[in-house]
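Biologist: Got a minute? Please pull up the model so we can go through it together.

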Amino acid sequence: MRDVLSSALKSLSRKWLRTLLTVSGITVGVIMVVIVSLISNAGKAAVNSELDNMGMNGLSVSTGSAVGGLTQDDLQTIRRIGQVEEAMPLMIEFSSSLLCNVSNSAMICGIDSGTTQVISLKLEYGRAISPGDVEGALPVCMLDETVAREAYQRANVTGKTIVLQIGGVEQEFEIIGVTATGSSLLQNVTEFIPGMVYIPYTTMQNLTGRETFDQIAVRVRDGSDVEHAQTSIVSALERSGGLEGLYRTDNLAVQKERLSGLMDIVTLVLTAISGISLLVSGLSIMTIMLVSVNERTREIGIRKSLGAKKKDIMRQFVIEAGTTSALGGVIGIVFGSVVAVIAGQIIGMTTTPSVGAVAISFGVSVFIGVFFGFMPANKAAKLNPIDALRSV
């Protein structure tokens, strides 16, 4: 086997320019597959992380649009359910903000204390909304760092004041905390996603004159059946309110899984499209190997006359084809990984090549070479030694 491999390498080196061009074809194909695979997987991980930060790893409870919102009694009913770890009222209003003479559209969320445990907000600077803020309905707020950077070109703006328009009234709020942008990925894609500002829900109730909530965000205890928790919440609310069909729950984790599945399909399609270049490279290997067989017909005849068997001739040409594609695969994996990592840094995503992905890419490249090199190898093995020796 060692002699066959050595002979194959010598044969490839004799036509080094042709070998280089063939290897380049495989290299380009593998580079495309590796880049698409790594960036797609990194994008999927980034989106899942962002959705978790936006609170899409729990339940959302709401009522029909034609009915009033949820009440304090509904909130207490949900909190008494065994599968519920924490529940938080949520009021939402799309409005505008004014920070350092910079006006922006904003999604203003009225929340309770302890929100970081329910909707996974990550506090970067300052402090979160406290029970005292909620009880006193104080004019304090947390905002995401995107809003802060647009106004001050820095994230830490705690202690500054921001003007929010709520219920048609402009109100000045003290910034007590800055959160990591919960929708930064979406904000990088489109400028129409507003900044997030969080205030005590009691403050919003006072400014809007509303006593109800738009939604209640629920975090289910670890190990609990989410679907069973949904049923328990709806049943408890219907018993408490005496009305059926009024309440609904959305399993945000299921929606995240559906989005993840959709991204898997997109990744598969893109990988398949980029894999077409590997197919083209395989055809080029087959063409080159057929040319090589024709050029080396006399050599094949001499080897057969000296006792070489069909399997020996076939093995040599298959190994030559496999070696060519393997070299292209290795180079493609290295270059593709480097390009994917650099591209990930540019667009703000972490791309890390996995051992499994590298192994699959290498295996596919070798398979392409062996598969498309089989026909030329078979043709060489079937040559009649007398006819081969007569060739010029």
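Biologist: How many salt bridges does the structure hold?

Modeller: Five. A salt bridge here is a side-chain nitrogen of Lys or Arg within 4 Å of a carboxyl oxygen of Asp or Glu. This is a predicted model, where local features need pLDDT of at least 70, side-chain atom pairs count only at pLDDT 80 or more, and totals for chains, interfaces and linings use all residues. Residues are numbered from 1 along each chain as its sequence is written, and side-chain values use heavy atoms, without hydrogens and water.

Biologist: Which side chain meets R79 in a salt bridge?

Modeller: D112, at 3.2 Å, N to O. R79 lies in helix α3 and D112 in the loop between β3 (102-111) and α4 (115-118), so the pair ties together parts 33 residues apart in sequence. Helices (H or I, at least four residues) and strands (E, at least two) are DSSP runs, numbered from the N terminus.

Biologist: New topic. Which residues of α9 does α3 meet?

Modeller: I233, A236, L237 and S240 in α9 are met by D74, T77 and I78 in α3. Contact means heavy atoms within 4.5 Å.

Biologist: And confidence? What is the mean pLDDT of the chain?

Modeller: It is 79, and 82% of the residues reach 70 or more. pLDDT is the predictor's confidence in each residue, from 0 to 100.

Biologist: Which element has the lowest mean pLDDT?

Modeller: Helix α7 (residues 184-189), at 36. Over residues 183-192 the pLDDT is below 50. Where pLDDT is low, the predicted coordinates should not be read in detail.
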